[in-house]
Amino acid sequence: MAAPGENLRINADRLWDTIMEMAKIGPGVAGGNNRQTLTDEDGEGRHLFKKWCEEAGLEMGLDEMGTMFAYREGADPDALPVYVGSHLDTQPTGGKYDGVLGVLGGLEIVRTLNDLGIRTKHPIVVTNWTNEEGTRFAPAMLASGVFAGVHDLEWAYDRKDAAGKRFGDELERIGWKGDETVGQRKMKAFFELHIEQGPILEDEDIDIGVVTHGQGLWWLQVTLTGKESHTGSTPMPKRRNAGLGMARVTELVHEVAMDYQPEAVGAIGHVEIHPNSRNVIPGKAVFTIDIRSPHEKVLDEMRARIEAGIATICEALDISFEVEPVGHFAPVTFDKDCVKAVRDAAERLGYSHRDLVSGAGHDACWINRVAPTAMVMCPCVDGLSHNEAEEISKEWAQAGADVLFHAVVETAEIVE
């Protein structure tokens, strides 16, 4: 198929203005955004996106999970569409670009094609996946997971937030529950543009990350049970300190992750200490372990070593333990042809680039199960994300969207 000419570029000012306009909806307290999924702010952001799509001549589809599909007709009515997008929902203290860049970058592709009067053989569909963040309704990437057959629809509807509100009820409340069966759409390919959420591209002064793999992960919830007793009067040899056990497990997780460098990571996340009193030795510690690697063998080895190490630590401290897996997805290898389209686009446009492994989960990781998929990444300042101080430059956004444009349009095939 013919590649787009290197002179074809998106309108960077328009893309940037669109991102800033979306950021006005659900503003955070420190310059970012709080537009959590299925809130009134999410609904307002969806209405604005729909308005922009309709102004660009797109037909909006909506499935039972509330995922939005904005359709641009192709020259061949029987050709499978090329999908592009990400998510508009944010963390409670999220930035203006995480997810949003990928959705609005997809919209900018369509706007640019319209400006230039370019038709493609395959339709192009700009997508806003519901509840990628998973911060209000766990797990993350919920709608794309249902689409890919990872989760059951009714199970997803029954997810509850901290206030006990059901996902399905809130989806209906804000008016964005569609009739279309989730997962019925067939794709030629799916492309997702995202900020890196890490420091590599900025540190190495590289314009584009060509994402070849996504890390798999295990989330383990650990409960250590010792005995609560007075910190002042309990002799050291008599103590059954669950807090000390957690501290040693924290060191263990770090050591195991360091043994599988450069790509493995691991850390303790959520922590609860009981009774959490200044003069009581903790009798119980509940915490989560997050380990990730792009290699399944490594991921499984890390988990096995950590679980064996927990048993050894607890035996030495005379405390009991329970380890419960609460989250898992296998490492992802993105489609070689889609990855090549991204890499070739960066080279054609003269942008510096390098291969990357995504350390975070993305909708593309689930969609990769049902369609050829690849991701484009651009730098973000200090690698900071999931933070209101998250920042990128207009130039970085343009480079990412230019590469996205070329990869999508080449795959969709320009009609001469």
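# Chatting through a predicted model

Author: Let's start with charges: this predicted model holds 26 salt bridges.

Reader: Okay, which residue does R9 pair with in a salt bridge?

Author: R9 meets D402, side chain to side chain, at 3.8 Å from N to O.

Reader: And where do R9 and D402 lie?

Author: R9 is in the segment before α1 (12-22), while D402 belongs to helix α12, so this pair ties together parts that are 393 residues apart in sequence.

Reader: Is R9 buried or exposed, or something in between?

Author: R9 counts as partly exposed, with 33% relative accessibility. D402 counts as buried, at 0%.

Reader: What about R173, what does R173 form a salt bridge with?

Author: With E170, and the closest N and O atoms are 3.1 Å apart. Both sit in helix α6 (residues 167-173), three residues apart, which is about one turn of the helix.

Reader: How accessible is R173?

Author: R173 has 45% relative accessibility and counts as partly exposed. E170, by contrast, counts as buried at 7%.

Reader: Which residues are linked with R173 in a network of salt bridges?

Author: The network links R173 and E170 with D40, R136 and D161.

Reader: Got another one inside a helix? Where are E307 and R303?

Author: They're in helix α9 (residues 296-317), four residues apart, so about one helical turn separates them. Their side chains meet in a salt bridge at 2.9 Å, N to O. E307 counts as partly exposed, with 25% relative accessibility.

Reader: Let's zoom out. How many helices and strands does the protein have?

Author: Twelve helices and 15 strands. The radius of gyration is 23 Å, close to the 22 Å that the globule rule gives for 416 residues, so the protein is as compact as a globular protein of that length.

Reader: What does the C-alpha trace span along its principal axes?

Author: About 85 × 45 × 40 Å.

Reader: And how many of the residues are buried?

Author: Buried residues make up 54% of the 416. As for the outside, the accessible surface comes to about 17,300 Å², and 48% of that belongs to carbon and sulfur atoms.

Reader: What share of the contacts join residues at least 24 apart?

Author: 80%, counting contacts between residues at least 6 apart in sequence.

Reader: Now the inside. How many residues are in the largest nonpolar core?

Author: It has 94 residues, and those with the most contacts inside it are F49, M65, L104 and F191. Helix α12 (residues 394-412) gives the largest share of this core, eleven residues. Apart from that core lies another one of 26 residues, among them L224, M246, V249 and L299.

Reader: Back to M65, what is M65 in contact with?

Author: Leaving aside neighbours within four places in sequence, the contacts of M65 include T130, L142, V146, Y157, F167 and V182.

Reader: New topic: what does UniProt place at residues 215-312?

Author: The unreviewed UniProt entry places the feature "domain: Peptidase M20 dimerisation" there. That span is 35% helix and 35% strand, and its end C-alpha atoms lie 28 Å apart.

Reader: How far apart in space are H254 and D76?

Author: They're 53 Å apart, C-alpha to C-alpha, and 178 residues apart in sequence. H254 lies in helix α8 (residues 242-258) and counts as partly exposed, at 46% relative accessibility.

Reader: Anything odd in the backbone? Is the peptide bond from A138 to P139 cis or trans?

Author: That bond is cis, with omega near 5°. P139 is found in the loop between β4 (124-128) and α4 (142-147). Another cis peptide bond joins H274 and P275, with omega about 5°. P275 is in the loop between β9 (265-274) and β10 (280-281).

Reader: How do most peptide bonds and phi values look?

Author: Most peptide bonds are trans, and most residues other than glycine have a negative phi.

Reader: So what is phi for N131?

Author: It's near 55°, a positive value in a residue other than glycine. N131 sits in the loop between β4 and α4 and is buried, with a relative accessible area of 1%.

Reader: And N276, is N276 buried or exposed?

Author: N276 counts as exposed, at 64% relative accessibility. Its phi is near 60°, also positive, and N276 lies in the loop between β9 and β10.

Technical notes. Residues numbered from 1 in each chain as written. Predicted model: local features only at pLDDT ≥ 70, side-chain atom pairs only at ≥ 80, totals over all residues. Heavy atoms only, no water. UniProt positions renumbered as here; feature names shortened; annotations may be inferred. Helix = DSSP H or I, 4+ residues; strand = E, 2+ residues; numbered from the N terminus. Core = buried A, V, L, I, M, F, W, Y, C linked by side-chain atoms within 4.5 Å. Buried < 20%, exposed > 50% of the residue type's maximum accessible area, 1.4 Å probe, protein only. Contact = heavy atoms within 4.5 Å. Rg over C-alpha atoms; globule rule 2.2 N^0.38 Å. Areas by Shrake-Rupley, 256 points an atom, 1.4 Å probe, with all protein chains shown as cover. Salt bridge = Lys/Arg side-chain N within 4 Å of Asp/Glu carboxyl O.
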